[in-house]
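This briefing covers selected sheets, side chains and ring contacts of a predicted model. The points are grouped by topic.

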Number of protein chains: 6
Amino acid sequence: MNPVDLFEQVVHLPDPKAQTDYDRLVGLDDYKERLVKETLLLVDPGLLTEWSRKHYRNLLPALDYFAARPPLFVLAGDVGTGKTALARSFGNEVARRAKVQVHLYTMSLNARGSGAVGEMTRLISGAFRQVRDAVAKSRDGHGRAGRGIILLIDEADALAQSREAAQMHHEDRAGVNSLIRGVDEIAAERLPIAIIMCTNRLDAMDPAVRRRAAAVFEFHRPNRQQRIAVLRAGLHGTNITDREIEALADTSGESAERSHSFTYSDLTQRLIPTLILDAFPEGPVTGARAIEVAKSIKPTPPFRGQREASAHGGSHG
Amino acid sequence: MNPVDLFEQVVHLPDPKAQTDYDRLVGLDDYKERLVKETLLLVDPGLLTEWSRKHYRNLLPALDYFAARPPLFVLAGDVGTGKTALARSFGNEVARRAKVQVHLYTMSLNARGSGAVGEMTRLISGAFRQVRDAVAKSRDGHGRAGRGIILLIDEADALAQSREAAQMHHEDRAGVNSLIRGVDEIAAERLPIAIIMCTNRLDAMDPAVRRRAAAVFEFHRPNRQQRIAVLRAGLHGTNITDREIEALADTSGESAERSHSFTYSDLTQRLIPTLILDAFPEGPVTGARAIEVAKSIKPTPPFRGQREASAHGGSHG
Amino acid sequence: MNPVDLFEQVVHLPDPKAQTDYDRLVGLDDYKERLVKETLLLVDPGLLTEWSRKHYRNLLPALDYFAARPPLFVLAGDVGTGKTALARSFGNEVARRAKVQVHLYTMSLNARGSGAVGEMTRLISGAFRQVRDAVAKSRDGHGRAGRGIILLIDEADALAQSREAAQMHHEDRAGVNSLIRGVDEIAAERLPIAIIMCTNRLDAMDPAVRRRAAAVFEFHRPNRQQRIAVLRAGLHGTNITDREIEALADTSGESAERSHSFTYSDLTQRLIPTLILDAFPEGPVTGARAIEVAKSIKPTPPFRGQREASAHGGSHG
Amino acid sequence: MNPVDLFEQVVHLPDPKAQTDYDRLVGLDDYKERLVKETLLLVDPGLLTEWSRKHYRNLLPALDYFAARPPLFVLAGDVGTGKTALARSFGNEVARRAKVQVHLYTMSLNARGSGAVGEMTRLISGAFRQVRDAVAKSRDGHGRAGRGIILLIDEADALAQSREAAQMHHEDRAGVNSLIRGVDEIAAERLPIAIIMCTNRLDAMDPAVRRRAAAVFEFHRPNRQQRIAVLRAGLHGTNITDREIEALADTSGESAERSHSFTYSDLTQRLIPTLILDAFPEGPVTGARAIEVAKSIKPTPPFRGQREASAHGGSHG
Amino acid sequence: MNPVDLFEQVVHLPDPKAQTDYDRLVGLDDYKERLVKETLLLVDPGLLTEWSRKHYRNLLPALDYFAARPPLFVLAGDVGTGKTALARSFGNEVARRAKVQVHLYTMSLNARGSGAVGEMTRLISGAFRQVRDAVAKSRDGHGRAGRGIILLIDEADALAQSREAAQMHHEDRAGVNSLIRGVDEIAAERLPIAIIMCTNRLDAMDPAVRRRAAAVFEFHRPNRQQRIAVLRAGLHGTNITDREIEALADTSGESAERSHSFTYSDLTQRLIPTLILDAFPEGPVTGARAIEVAKSIKPTPPFRGQREASAHGGSHG
Amino acid sequence: MNPVDLFEQVVHLPDPKAQTDYDRLVGLDDYKERLVKETLLLVDPGLLTEWSRKHYRNLLPALDYFAARPPLFVLAGDVGTGKTALARSFGNEVARRAKVQVHLYTMSLNARGSGAVGEMTRLISGAFRQVRDAVAKSRDGHGRAGRGIILLIDEADALAQSREAAQMHHEDRAGVNSLIRGVDEIAAERLPIAIIMCTNRLDAMDPAVRRRAAAVFEFHRPNRQQRIAVLRAGLHGTNITDREIEALADTSGESAERSHSFTYSDLTQRLIPTLILDAFPEGPVTGARAIEVAKSIKPTPPFRGQREASAHGGSHG
């Protein structure tokens, strides 16, 4: 079982593309800062003891509370709201600030296996073992890890599906168990591995997984301000004016006919490319035509069960 | 596993029959143009950079948004509304304009396998590998592919069934995963392969598949104008008058008793052949009798769950 | 796998018993004529080109529409309404008119297999291969087949069960796929094989199967006129008078207590034999007693889900 | 696979115990006579032709209707209403009248197998083969069978479960198919085997099985008259007076608190034994005490789904 | 397969502990007497013929009704109402009165097997064979068995689960079948084996099992009188006064907040031990404190579906 | 199968960390005392007889009631309410008071196996055998065990899932059976092993497991008093004032917008660490900012089905 099977290609940060993606994420500053700080402290835990000594002259008991939590963060919210984009890019900022490499491991869909008995357990255990091995090699003698690791599990609900469901398949349940074990072992050994789970079905995740999360971040569709920022970046270089950008932001917002606005990816993967295609090959993109095209596109419908999640599922803490 | 197993016979375009079929599709000009342009740009990506240079003097950042999307297009709508006919024929127009061959690969129902563990994954991976191999052989030294490929997945909902369904079979879920992987790899390598998925159950498709779509096109039953065009073509050579054709179009439309009109295939596969059979062997087809026969035929009932799809599922973008 | 396994005994038509059965079917003249004509044209496609040449001087494009359809006919309706009786006997009329042999292949329940992985697919594919082989041997040099083949699939819903059902067994789904493939191949090669599917659960049939049907015929319980004809034939030779026959027809119709009348088989397999048994051994069947016995028999309840089918399922075309 | 496995011990009739049981069944004269006559005519089909010749001078076409039906009879109704008792005993009367042996084969629960793939099919096929072999050996040269066979399938719904149920196990469906095949082969070869299926879930039986039935008999709980007859027979020899018997019949009938009366077996297996036990060892059974005991016993609740069956399921024909 | 696997340790009665348990059961005198008498007559069937001869001068036909029933008794009711306690102890009284040994076989949960195909059937058949062998060895020459056997199946619903449930596992169904066979064979051979099934889900038991029961006894939670008796026995030797015992009985009864009182085992396994523990080690149990403790304990909630059972399920007969 | 597989690392008590955890649990004094006493009496059963002799001069019959119960305790309640923390730490107090070692065995998620037939049964049986072996080695000659054992089964509902659920997997059911057997054997041999099951789905636990519990303890979210105590301990050493702590306790309580307060772990694993992180690296934690942060955190939503549990599930006894 080689890395290709369990992970998508491992990304080494810093990396210019990740920097661009990170910068492009608008309105998520709190989440950005939190994830970066958490991961910095995983890479160099000495920073927190220094802080405690500096401000309190000794080590606060709260530091132990801090260190004992599993370094698990859940990014929850509708499709296309930037969860995965943030998860894939914040490590760049960590690398930049800590001046170490950060390796991003994205668990492959392959790790779900094909249903053979015991396979899912073996694959997930194997994936955790692999990231732990990667960390082990990098530690120097002073407790400071030579690099940080981010373990990204996208569409985590599929893997960490709630065992509450009566009809759950035995094999899946075993997979959840091995996932919990993997998280617990990283916590117990205090490894510099930030585990990020993205989901648009927070409620479908196993309670035992969720309660291990140090924080659950809620993601929403971009508001007007954020849509303007995204469109401005995406249409940079065209002759679209600021006023036209604003009109596009309005067109892609909520309206009388629908209660949901465009998602981030509706803007970047559907609207902007369609504008290009529409103009091609006759002439440049024009504001008037752009708004017309935007009107013809329907935003992605909200994920079923999303309402419930936003009602009580998330937590900023 | 030879090609016969995973694909129906590969069609080489241009081809006169496809031309006829393409021309016969009435009222779908927007979709036609969009698919043709998208595929042209896949075959020759240089056209877009030329356009950008010409109109903006340099490369717009939006071009990168454009190129980074998976070249996946979903054709959604009721049975018999022309989805498959368009998917099978628009490549002809691409071939004609780009002056290259376009090969149409239609994934066989066989690719769904027979339920053996791991089989569906293996078959789907194999199918994707095959189309990628086909492209690899055709590239010339200047980034321009020697031919275009269209990968058509009909009744895609069966293959890309939503993994949300709690009772979903493990094997099927693995199949969806390998489908997503196949799409992502084509996007990552920017291969000139337009992936077309037809479905009459858009809502049943996995959200992770749908959100990868560059566009979702909605198909509807033909309106009066379109029915007239279809009937005129199909009854060409008989003595049916224009007025009679119009009467037939009315008879095959919505009525007091039913809220749905004839589908394209109700016209071409049921009404027209029945007129022939009815006249045979005694004499020619007459308008009066044709209308009588049309009245005796009930249109195909709308697909269950179609309403939901038309309410929020489609997007023109 | 010998023929006995996949088909019930193959019937060679014409055959006096089939003639009797065919003649006994009352009030189904439209369906009879349509099926006979369709099959005649499959056996001898040249007749249609002759007709076109005669009446139009050349070949109508509509002829191609006609020939391209799958030669699939669905007979849908309540149990005991004559579907199977017609399917089993109309080939006799074809044989008589075309002066060729017609072989009736009735797919055995065995073809559904016992649930082993891949078995259903293998059995159905095998069954289709067998009828195609039978045709291949009979063609003469002028495109006229030496014999016609009718492939009858009774209780087709069980085999062509809709793949829409979420909980459908993988194995069954593979079976539907191979069934569709079988139909498509017969259409593609334009073989003189009329495929007849009988079902009392039209709605349970897979949409991909149904939309391939050249026509769907709806069957209903016999009306008063038809009941009289059936009873007259069945009680021929007894002393029951015409007036008594009419009274029996009334007794076996709808009534205040029930909204459904006797089916064809309620008349032939239950009422008539019970009259005989009731009279035996004491004396002959009498009208007064016959009506009394008829009153004591309840008609077969309509099949569940039948209502839905009659509301929108059928099509005469 | 020896007989012990597929059948309970084969009973050879006539037999005094069966005679007693048959005589003890009160109020079922119509069903008794019908079953006896039907089986007599299976054993000696010549009787019917003699009858036709005698009363009509020639063979009525209706005779063929009669002989072509599968000799299948369904006994449907609530638990404890005498279905099985009649099925097990009427053969005695046949034997007595036809002066031949009648062998009663009761299919064992074993024939349902243990769920191994293909097992149920093999077991049921084997059971049918066994009864057919038994008949084959007994025929004399004049078409008159040397003995009659009754094949009793108790709790037939479990075996002939409706294949309509979406979630039905493939293995069970195969079992139903082999059951249908068994019935059809007996009909086709016109073997002197009366097939009796008992069920308290008529609606759960497969439509294809039910429509093959020559008749469906409905069984009900005993009415007052019948309860008196049963109690009189069962308490014969005690000093219970007729008036007390009537009071017991009233006590065991419907009442203000409940809408259902005692079943036959509530009377014979619960009430009467309890009266004995209650009296033992102190003294004889007394009427006053008997009524008190009867009041303390609750009748068996009606089988779930029974209502539906009595509303439209049964047919006397 | 040794006895340890299929049965919990076999108990040989009489035994002082069983005597204590039997005596402690308050308010169940009818059930006690019935079970003891039934089992006495199984051990020595001659007693009943003696009785008949004595009181009627000859053998009543009702005796045959009595002897032909399966010796199966169902004890049904809520958890903790004394079903199992009675089932385990009444054999002591039988032993005492009949002056023979009575062996109590309690079927182990192991007999349910682990789900392997055919295992449950084999285990249950094996268990029945074992008790029958045990009886066979003990008979003397005069038809009087050397010992009685009680076969106790606790939580019988799990084993005798209704086969009505559509989704029932094939393996379980086979298990029910072998259970029915075991019961029928004991009845047919009239073995001195009383079969006792305890259940708190009478409705979940297979109808074919239930209708074989000679009697169904309903168990309820103890009323005030019974609670006093239980508490008096359990607190014997402490200084708790009769008035305090009565107060405890009130506290453990129904109340404004809840509609259900303490069960027998709430009293003996929760309340009384908790009183001891609460007093330990400081001093003796006091009435005031005992009532306080009792108030802090919630009775076991009624078993789901129990309501239904008490509405129509039970029968005293 | 070595201990690592079936148990998480065995903890030997007393141990300073457990002492800290035990002391930190606020407001659970009744449960603490009860568990400690129960386990003390398991380790040294002679204490209870001494007590009885001292206060009553002889052995109360109630002592036998006490000793006969399975030493099983169920800790039920919402996530994060301290169940597991108490289960893991109370043994320390037992060790301290009894001056013996107490070994804490926590059953691993591994014991649930991977779904192979028979595996779960084997694993659970193995786990029970292991703790029993551990006890056997430690007994001295006077009935006093050399050490106590606590067997902790966390998320017990997953293992002791109610077999009532119709669709339960056979394998799971077998696992429940072996769990019950394990509990019963410990009770029968009166081993000094306290079995603790934690669950947040009391209703999902098998009734046969629940009714064996000597006590069920209900856990709730901390009230204001308890929140203050937790926060005071966790923020010890910072400059947060008592008044600020109280304000934090208010902020983390119920509010107009939500009906549930913070759980214990919301306070210790989310709130306190987030305060640290928020302050880091700029300066110390301040009260004003702490309250702001607390407001941004949402408490864990109550577990589904919890309402039902608190309505009737728990019992203090």
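In chain E, strand β4 (residues 147–153) pairs with β5 in the parallel sense, over 5 bridges. On the other side of the pairing list, strand β2 (residues 72–77) of chain E is joined to strand β5 (residues 193–199) of chain E by 5 bridges, and these two strands run parallel. General background: the strands of a sheet pair through backbone hydrogen bonds, either parallel or antiparallel.

**Sheet of chain E**

- Within the pairing of β4 and β5, Leu152(E) stands opposite Ile196(E).
- Leu72(E) stands opposite Ile195(E), which belongs to β5(E).
- Of the 7 residues of β5(E), 7 are buried, so this strand is largely enclosed by the rest of the structure.
- Ile193(E), Ile195(E), Met197(E) and Thr199(E) point one way from β5(E), while Ala194(E), Ile196(E) and Cys198(E) point the other way; all of them are buried.
- The strands belong to an open sheet of 6 strands in chain E, with the order β1-β3-β4-β5-β2-β6 and mixed pairing.
- The edges of this sheet are β1 (11–13) and β6 (215–219) of chain E; each has a single partner strand, so one side of each is left without a neighbour in the sheet.
- On average, neighbouring strands of the chain E sheet are turned by 20° against each other, direction ignored.

**Sheet of chain B**

- Chain B also has an open sheet, formed by 6 strands in the order β1-β3-β4-β5-β2-β6, and its pairing is mixed.
- At its edges stand β1 (11–13) and β6 (215–219) of chain B, each with a single partner strand, so one side of each has no neighbour in the sheet.
- Neighbouring strands here are turned by 20° against each other on average, direction ignored.
- Strand β4 (residues 147–153) of chain B and strand β5 (residues 193–199) of chain B are paired in the parallel sense over 5 bridges.
- Ile149(B) stands opposite Ile193(B) in β5(B).

**Two arginines**

- Arg69(C) is placed in the loop between α5 (62–68) and β2 (72–77) of chain C.
- With a relative accessibility of 7%, Arg69(C) counts as buried, because the cut-off for buried is under 20%.
- The side chains of Arg69(C) and Glu38(C) are joined by a polar contact of 2.9 Å.
- Neighbours within four places in sequence left aside, the residues in contact with Arg69(C) are Gln269(B) and Pro273(B) from chain B, and Arg34(C), Glu38(C), Ala187(C) and Ala214(C) from chain C.
- Arg97(A) lies in helix α6 (residues 83–98) of chain A.
- The relative accessible area of Arg97(A) is 34%, so this residue is partly exposed.
- Leaving aside neighbours within four places in sequence, Arg97(A) is in contact with Glu33(A), Val36(A) and Leu40(A).
- For Val36(A), the separation from Arg97(A) is 61 residues in sequence and 9.0 Å in space, C-alpha to C-alpha.

**Aromatic pairs**

- Over all chains, a search of the whole structure finds 30 aromatic pairs.
- One of them is the edge-to-face pair of Trp51(F) and Tyr56(F), at 5.8 Å centre to centre and with 75° between the planes.
- Both rings belong to buried residues: Trp51(F) has a relative accessibility of 2%, and Tyr56(F) has a relative accessible area of 8%.
- Phe73(F) and Phe217(F) form a stacked pair, 6.4 Å centre to centre, with 5° between the planes.
- This stacked pair links distant parts of the chain: Phe73(F) is in strand β2 (residues 72–77) of chain F and Phe217(F) in strand β6 (residues 215–219) of chain F, 144 residues apart.
- Phe73(F) counts as buried at 1% relative accessibility, and Phe217(F) is buried with a relative accessible area of 0%.
- In chain A, ring pairs link Tyr31(A), Phe73(A), Phe217(A) and Phe219(A) into a cluster.

**Charges over rings**

- The charged end of Lys32(F) is placed over the ring of Tyr22(F), 4.4 Å from the ring centre.
- The charged end of Arg69(F) sits over the ring of Phe66(F), at 4.3 Å from its centre.

Methods: Residues are numbered from 1 along each chain as its sequence is written. Chains are lettered from A and ligands numbered from 1 in the order in which they are written. This is a predicted model: local features need pLDDT of at least 70, side-chain atom pairs count only at pLDDT 80 or more; totals for chains, interfaces and linings use all residues. Side-chain values use heavy atoms; hydrogens and water are left out. Two strands pair if DSSP finds at least two bridges between them. Helices (H or I, at least four residues) and strands (E, at least two) are DSSP runs, numbered from the N terminus. Axes are lines fitted to C-alpha atoms, for helices over the stretch in contact, and angles run from 0 to 180 degrees between N-to-C directions. Buried means under 20% relative accessible area, exposed over 50%, partly exposed in between (1.4 Å probe, protein chains only). A polar contact is a pair of N or O atoms within 3.5 Å; within protein, one must be able to donate a hydrogen and the other to accept it, and residues adjacent in sequence count only if both atoms are side-chain atoms. Contact means heavy atoms within 4.5 Å. Rings of Phe, Tyr and Trp (its six-membered ring) pair if their centres lie within 6.5 Å; planes under 30 degrees apart count as stacked, over 60 as edge-to-face and the rest as tilted. A charge sits over a ring if NZ of Lys or CZ of Arg is within 6 Å of the ring centre and within 35 degrees of the ring normal.
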